[in-house]
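Below are my notes on the model, set out as numbered points. Please read them with the structure open beside the text.

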2 protein chains.
Amino acid sequence: MSEMPIADWQGLAASKREANFKKIPEKWRLSESLTSQFAETSAISVIDVPATCGLLTPRELDLTSNHDATALVELMTSGKATSVEVTTAFCKRAAIAQQCVNCLTEIFFEEAIARARECDDYLRKNGRPMGPLHGLPISLKDSFNVRGTQATIGYISFLSRPPATSDSNLVTLLSDNGAVYYCKTNLPQTMMTADSHNNVFGRTLNPHNLSLTAGGSTGGEGALLAMRGSVLGLATDVAGSCRIPALCCGLTSFKPSAGRVPFGGGVPPGRLGSPGSIIPVIGPIGHSIRDAELTMRTICNSNTWVFDENVLGVPWRSVQLPTRPLRFGLIRGIPKRPLHPPIARGLHSCTTKLKSKGHQIILLDDKVPDIWDSAILAWKFFLLDPRKTPMSYLQQAGEPLVPSIGRTMVKELREFEPSLDGLWDMNLERFKILHAWHKVMVENELDAVLMPGNSATAVAHDTYGLTPFTVLQNLLNYPSGILPHLRAEEELDRQFFKRDAAYEPPYEPKTFEGLPAHVQVMGKPMQDEELMEILRVVEKTLAE
Amino acid sequence: MSEMPIADWQGLAASKREANFKKIPEKWRLSESLTSQFAETSAISVIDVPATCGLLTPRELDLTSNHDATALVELMTSGKATSVEVTTAFCKRAAIAQQCVNCLTEIFFEEAIARARECDDYLRKNGRPMGPLHGLPISLKDSFNVRGTQATIGYISFLSRPPATSDSNLVTLLSDNGAVYYCKTNLPQTMMTADSHNNVFGRTLNPHNLSLTAGGSTGGEGALLAMRGSVLGLATDVAGSCRIPALCCGLTSFKPSAGRVPFGGGVPPGRLGSPGSIIPVIGPIGHSIRDAELTMRTICNSNTWVFDENVLGVPWRSVQLPTRPLRFGLIRGIPKRPLHPPIARGLHSCTTKLKSKGHQIILLDDKVPDIWDSAILAWKFFLLDPRKTPMSYLQQAGEPLVPSIGRTMVKELREFEPSLDGLWDMNLERFKILHAWHKVMVENELDAVLMPGNSATAVAHDTYGLTPFTVLQNLLNYPSGILPHLRAEEELDRQFFKRDAAYEPPYEPKTFEGLPAHVQVMGKPMQDEELMEILRVVEKTLAE
């Protein structure tokens, strides 16, 4: 690849975006008068656009609005819907979402509908579904490889790369189980910020309020799913990338333990071969815990090692929770990141409901290692490449950094110089944190820990910063899930406001009004199955 | 700890050995006329000494000679033997072994017999055994911590350390399952050679021929088990340490996948926090595959994560092998290490027997990445500490290196300078090897791979060198087992002699006569259960 900067990288990126737009059939396009309102400075919600724009038939609206993935598979498997109609409906709605929030990177609707037809034919001919995901449209983060499509992951210098000649390992596995792929979704430059913004595809906006972030790094999925332009997405997660878009957009997500889900075969944003102790994972993001469980069970029971040499190959276990009350640890924020009132209220509501069901809550605030310090350590593991490969990708094209990257480079990290000797000490520091958490979990006989996934709801673009509440689970390699719960309501949130709290980013109740709040539920390592059952209990309790 | 060399380290070491010797009751001591024959230069076997020395009663001889661990537990659980008599018999026989082959580091026979009494009382009072290892004496490599005993691991500078105040995690776990500990066993200085030799305890000798190595790093176990001074031992393995003593001494051993067995709480020979990609494991070494399975099943089903924060916590699965013939890959040596005739004959005999049962053998010699190069890469992962901590431990005491360490420092390694940048490339090199092996295993639909664990039987002291055939499985993180098969017999081995082969170390048929040969059977990662079943099939086939 040339080391000469690309003279007109802006033009190259514009061509890519234009080629993308052309893949949206003209009859699926929104009016200019509508789309001209959609900008990253517009503090408006576009959540209702799919229902109000008139492009979707009532049947399409029903299929995309009122069912989770589990229900859709059931409809298709029992012949009450075809994959072609379900897939077409999601293609249309994804096209609408794209025009509202700029969430897509690659569009392959025609291939998807052809594949859906294959699924329908299979069912008709064989009298049985292709697999547990029969005919289901699934959206993918851009970093997945799908044969025949590009995976530029937002780097200008990757625009000259040819389309992928093979699928990511997980893409093949899910395809074998009946999945249908129809689009890939936006992410941040370098994949290491919580703003899905890059110089190729621009910025993905939050459907609940376009002036706020959709989260990252899987923000394209977050926005698309919130628009119900997808029912199930797949997200990587090394610092929260599967969970942050979920909590920003009001979705459910599940970050498994490392090695449960095949990771190989995608496009990395940096150098391969990291000696860091944090292993990236892939998890589902969508609308229900039963969908997350369907995804995990399907993956783990598919002979994963045959697909991927780095996977642990541990089958999904069927577990039953103890009949005794569950014991939840509780983390209510950290000194450097006090919880914004809607998040504090959501967490309080969650613990209150759980207690009313007889479950036990054990306060951990002072019992666990400093969560900010743990985040700094985690981030150092992400900065171990002496060649700074992601920066060299940017320099190759002469493209600038996106603004959000600067926000993660806090003082402790700006001074960090990676070294082999220092890496030994970093591992030792990680062992101490791991040991302390293990002690807390075992001694308190905890089943899980309730905590925020972020101190705030979705925040203004480029203000999310470090991700202490989500990178912790990557550092520990504990599985974790996000459940949406309540919404910011200034009136109700007021009692959780603390005058002397240094909210960071600032708490702006008017701006955040109506945005989804959430809880995070962290389980024990490799007990993904137990955590899934616990999430089911919490989800049900929150809904009551 | 002082940086001043210890003026009289030889004297300190002698005191430690003397204190050890005093823990052997006088009535369990061999005559001076006998022990004076036992030296590292004596090419004699001492295997028969326990039976001929007259110290063991017929009952003690029977208990220690004719049963594996599974059978002994059955005897004790059903009341046909007490733990006190079984433990006493093994304490006596271990004392005899120690006087023949210098295999022990710590002796705590009295505590063991008291603990055995506890087990017997428990059974009598409760009418049920303590656990699947009820009353079973188990020997431990010196690097395990056992409360109240030292763990010097052969470093002079560690002699000043106080006795351990806590147990290794696995020691606690097995104790909860009924195990009885009675001794710890010798290992090499730095734990990184195949000769169990250090300046504190001296050298462990091979019971089949004292002039040969017992292997390492768990050579004390190997020698003790071959003398039947133990029925089951526990060995760490990062380059073959659980398998090399087995193949040198004629034993069975099993190296599991990383993370199956709790590793924490022991004494490391070097710096903690290695960023290397090879994770040390612990496995059983003993007399039968069913004992290895008993050990693994008991461990994995004991809620391991509660004992150890770094374990994967994956329960032992009950598996059934396919009813079709098994498909074995076959590696018949590598250009740099042609197989000595007895090893080639053992491997040939094994494949012939398996084929006669209808199993399939697929030759892999040219299909897999260069095994010598893989070993060099693996060794580089062991040399990543810029502070060279093991060397600093030696310098603290002013003690010299043992000779065998120099044998592992081949040319490719003498030039190696670890660096952070280089570590990224090493990981990439490992990925390529992993990928190539995965492709071979999947495309050939292999159930396991047959190969040597070493190119030779036990060899002369300080000549074992690098361990390409055993470190491969650590680099790949594939489980692997050693089964003894045949013995060196010059007459029969002759047809496997190749005039132009550059045997390294040299092939000396007279010296190696009668020494055990072996086969190694490598499984697929995390399919420890499947490998165990395959080992059972191979063990049975070899016995027919």
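1. In this predicted model, Arg317(A) has a relative accessible area of 25% and is therefore partly exposed. Its salt-bridge partner is Glu530(A), with the closest N and O atoms 2.9 Å apart, and Glu530(A) is likewise partly exposed, at 22% relative accessible area. Because Glu530(A) belongs to helix α22 (residues 528–543) of chain A, while Arg317(A) sits in the loop between α12 (304–307) and β11 (327–330) of chain A, the pair ties together parts that are 213 residues apart in sequence.

2. The two residues also take part in a wider arrangement, a network of salt bridges that links Arg260(A), Arg317(A), Asp528(A), Glu529(A) and Glu530(A). Over all chains, the structure holds 74 salt bridges. As general background, side chains of opposite charge can pair when their charged atoms come close.

3. Another link between distant parts of a chain is found in chain B, where Lys336(B) and Glu412(B) form a salt bridge whose closest N and O atoms are 3.6 Å apart. Lys336(B) is in the loop between β11 (327–330) and α13 (341–356) of chain B, and Glu412(B) is in helix α17 (residues 411–414) of chain B, 76 residues apart. Both ends are partly exposed, Lys336(B) at 44% relative accessibility and Glu412(B) at 24%.

4. Which salt bridges cross between the chains? Between chain A and chain B the count is eight, and one of them pairs Arg387(B) with Asp421(A), the closest N and O atoms being 3.1 Å apart. In another, the side chains of Asp425(B) and Arg387(A) meet at 3.3 Å, N to O; here Asp425(B) lies in helix α18 (residues 420–443) of chain B, and Arg387(A) in the loop between α14 (371–382) and α15 (389–397) of chain A. Asp425(B) is partly exposed at 34% relative accessibility, and Arg387(A) is partly exposed at 48%.

5. The contact between the chains takes 39 residues from chain A and 39 residues from chain B. The area buried between them is about 3600 Å², with carbon and sulfur atoms giving 67% of it. On the chain A side, Trp305(A), Leu420(A) and Trp424(A) lose the most area to chain B, together 24% of what that side buries.

6. How are the two copies related? Chain A is superposed on chain B by a rotation of 180° with 0.0 Å of shift along its axis, at an RMSD of 0.0 Å, which is the relation of a two-fold axis. The same surface serves both copies, since 100% of the contact residues of chain A recur in chain B. Of the residues of chain A, Leu420(A) comes closest to the rotation axis, with its C-alpha at 2.4 Å.

7. An unreviewed UniProt entry places the feature "active site" at Lys141(A), Ser217(A) and Ser241(A). These positions span 101 residues in sequence, yet no two of their C-alpha atoms are more than 10.4 Å apart, so they gather at one spot. Lys141(A), in strand β2 (residues 137–141) of chain A, is buried at 0% relative accessibility, and its contacts include Ser217(A) and Ser241(A).

8. The unreviewed entry in UniProt also gives the feature "binding site", at Met191(A), Ser217(A), Val238(A), Ala239(A), Gly240(A) and Ser241(A). Although spread over 51 residues of sequence, these positions cluster in space, with a largest C-alpha distance of 11.0 Å. Val238(A) is in the loop between β8 (232–237) and α10 (244–249) of chain A, as is Ala239(A); Val238(A) is buried at 16% relative accessibility, and Ala239(A) is buried at 7%.

9. Val238(A) touches residues including Val471(A) and Asn474(A), and the contacts of Ala239(A) include Thr470(A), Val471(A) and Asn474(A). Among the buried residues of α19(A) are Thr470(A), Val471(A) and Asn474(A); this helix, residues 468–476 of chain A, is mostly covered, with nine of its nine residues buried. Just after α19(A), Asn477(A) takes a positive phi of about 60°.

10. Why does the count of disulfides over all chains come to zero? For Cys53(A), the closest cysteine sulfur is that of Cys100(A), 7.4 Å away and therefore too far for a bond. The sulfur of Cys183(B) is 7.3 Å from its closest counterpart, in Cys103(B), which is also too far. Cys53(A) is partly exposed at 23% relative accessibility, whereas Cys183(B) is buried at 0%.

Technical notes
Residues are numbered from 1 along each chain as its sequence is written. Chains are lettered from A and ligands numbered from 1 in the order in which they are written. This is a predicted model: local features need pLDDT of at least 70, side-chain atom pairs count only at pLDDT 80 or more; totals for chains, interfaces and linings use all residues. Side-chain values use heavy atoms; hydrogens and water are left out. A disulfide is a pair of cysteine sulfur atoms within 2.5 Å. Buried means under 20% relative accessible area, exposed over 50%, partly exposed in between (1.4 Å probe, protein chains only). UniProt positions are given in the numbering used here, feature names are shortened, and annotations may be inferred rather than shown by experiment. Helices (H or I, at least four residues) and strands (E, at least two) are DSSP runs, numbered from the N terminus. Contact means heavy atoms within 4.5 Å. Copies are superposed by least squares on the C-alpha atoms of residues with pLDDT of at least 70 in both. Buried area is the accessible area (1.4 Å probe) that two parts lose on being put together, summed over both. A salt bridge is a side-chain nitrogen of Lys or Arg within 4 Å of a carboxyl oxygen of Asp or Glu. Lists of a residue's contacts leave out its neighbours within four places in sequence.
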